[in-house]
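Biologist: I request a close look at a single part of this model, the part in which charged side chains pair, together with its surroundings. A formal account with the cut-offs stated would be appreciated.

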Amino acid sequence: MNASILLAMSGGLGLFLFGMKLMSEGIEKAAGAKLRGILEFFTTNRFTGMLVGVVFTAIIQSSSACTVMVVSFVNSGLMNLYQAAGVILGANIGTTVTSQLVSFNLSEIAPVFLLGGVVAVMFVKNNTVTKIGEIVLGFGVLFMGLSAMSGAMAGLKEDPGIVQLFASLTNPVFAILLGTIVTAIIQSSSVTVSIVLLMANQGLLELPICMFIILGCNIGACASATLASLVGKKDAKRAAMIHLLFNVFGTVIFYFVFLVAMEPFLDLMNMISGGNPGRCVANAHTITKVLQVILLFPFVGFLVKMTYLVVPGDDKKVGYRDSFQLKYIGDKVVFNPATAVVEVIKEIERMADLASENLNRAMNALITLDEEDIQEVYAVEKNINFLNHAITNYLVKINQTTLPIEDLKSIGALFHVVNDIERIGDHAENVADCACRRKENGTVFSKSAQKEMGEMLDMVNKIVQYSVEMFTRSNESHVKDIMELEDAIDGKERELQQLHIDRLTRNECTPEAGMLFSDIVSGLERVSDHATNIAFSILHSDSDDSGEEVVRVR
């Protein structure tokens, strides 16, 4: 093999890999949030999950990206292993779409896609159009790379040594190992199968050995999800193991099928492929995957149970009250740009629950003067401050990655929401300070004052609940309720301040009690303001891009 052929093949492979990456990332950035929503919504059972896995992977052109996202969902508790299994099986079918596209040899029109993508990326300022341009550009680069590799391989046929080397590749087990190792290194079965397809087209590889190589490619494709799961929780490891076990069992089954019935299988493939070797490889890849899913789908439950034998034990449970620990983001979480914002929102919801519970604990301590409750308020506030810093740092980190466009728009709002929740925690701490002062000075609240603060706290609890639901679940049905509650709480604060003045005038309470009462009522009204900010944060984030000012409570 001379140097020019080797350079041409290397350059073609480089273009192909870059094109695949550009196209896959472009699709994830342009439509990742919508695809993620579909993945979450339609995975309630294994069958619909499988169909979603097929479509999802066919769109983003990467089973690795799909399975890593699924592993990330399982790691965060957004999907269970049975749901994940369906999606993973579907992803194994969806990944064959790439080899089908390659087999049609679209290299002649690749320059058109290349030019269109470059124009969109370089000269169009619209962010969405730019992302679509990246997809088109990736498609063009991919097929330019294929064209370069195909041309180089044509030259390999002139080298008797190379031809003899490939002709000597007859051992099925070695072929499977070769496909596994090459795919694990490249981390894309689509790329390896495409190379095998091109070599079959050029007559460098015989079709029987191609069948065994693509079986190995299926196992090697599990490398990405397996590596990603190593830093995750045990269920994340089990999800990756489902992918690996499915492909190992599928490979074993078809290894024996090919040993027994290779000739009739290839006759069928040649018949439906019009005698084209490349189309034959692509069709064999698709059909074997479909048959593997059909054969193993009834045994999904068995595959899931097997993962508990391979990955035994349970993770230490992280409750929403656990101090100085992250549950959904951090070191023990599989990082995937497409799911990062979902995980942040789950962590923020956990932080909001802590702040809301702490406010109620502080208000209870204000009346009962329970020292244990007061100290608990201060301890939880430290945990809330920890979450504030940890989530903010994580948001800074993911803002520098290739997030989907819709998620990028919400990053600014998420910073504000974390700040608003932290301020609710501060108000709870202020209430605990008031409880300490009341305990030290022996200050007494009248029954009417206690009743009035309780009524206002109930209103504040309701607006916090509605606001967190609206933020975490995009539940806009509470918009009217929140606006009405906000107005009612503002009115309630004015009313209670006036009643407090009236009591002072009638000497029904002491000035010390009056000052504490006024501080508490004002603090509860500010909590309501922060809750309103949280509720409308995502809506505000859309208008931020257009320059509209968003007023927030500090």
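Modeller: The account below takes the charged pairs in turn, then a neighbouring loop and the nonpolar surroundings.

The model is predicted, so local features are given only at pLDDT of at least 70 and side-chain atom pairs only at pLDDT 80 or more, whereas totals for chains, interfaces and linings use all residues. Residues are numbered from 1 along each chain as its sequence is written, and side-chain values rest on heavy atoms, with hydrogens and water left out.

Side chains of opposite charge can pair when their charged atoms come close. A salt bridge here means a side-chain nitrogen of Lys or Arg within 4 Å of a carboxyl oxygen of Asp or Glu. That rule gives a count of 9 salt bridges.

One of them joins Arg-350 to Glu-347, with N and O 2.6 Å apart. Both residues belong to helix 16 (residues 337-368), where a spacing of 3 residues separates them by about one helical turn. Helices are DSSP runs (H or I, at least four residues), as strands are (E, at least two), and are numbered from the N terminus. Arg-350 is buried, at 3% relative accessibility, and Glu-347 is buried too, at 0%. For these classes, buried means under 20% relative accessible area, exposed means over 50%, and partly exposed lies in between (1.4 Å probe, protein chains only).

A further salt bridge connects Arg-503 and Glu-452, at 3.0 Å from N to O. Because Arg-503 is in helix 20 (residues 479-505) and Glu-452 in helix 19 (residues 447-473), this pair ties together parts that are 51 residues apart in sequence. Arg-503 has a relative accessible area of 4% and is buried; Glu-452, with 10%, is buried as well.

The helices 19 and 20 are also linked by Glu-455 and Lys-492, whose closest N and O atoms lie 3.0 Å apart in a salt bridge. Glu-455 sits in helix 19 and Lys-492 in helix 20, 37 residues apart, so that distant parts of the chain are linked. Glu-455 is partly exposed, at 29% relative accessibility, whereas Lys-492 is buried, at 14%. Through shared partners, salt bridges join Lys-451, Glu-455 and Lys-492 into one network.

Helix 19 is preceded by the loop that holds Thr-443, which runs between helix 18 (405-441) and helix 19. Thr-443 is buried, with a relative accessible area of 8%. Neighbours within four places in sequence aside, Thr-443 is in contact (heavy atoms within 4.5 Å) with Arg-437, Arg-438, Thr-510, Glu-512, Ala-513 and Leu-516.

The nonpolar surroundings complete the picture. A nonpolar core is a set of buried Ala, Val, Leu, Ile, Met, Phe, Trp, Tyr and Cys residues joined through side-chain atoms within 4.5 Å. The largest such core has 66 residues, of which Val-344, Ile-348, Ile-391, Ile-398 and Leu-414 touch the most other members. At least two residues of this core come from each of helix 16, helix 17 (371-398), helix 18, helix 19, helix 20 and helix 21 (511-535). Helix 16, which also carries the Arg-350 and Glu-347 pair, supplies the largest share of this core, 14 residues.
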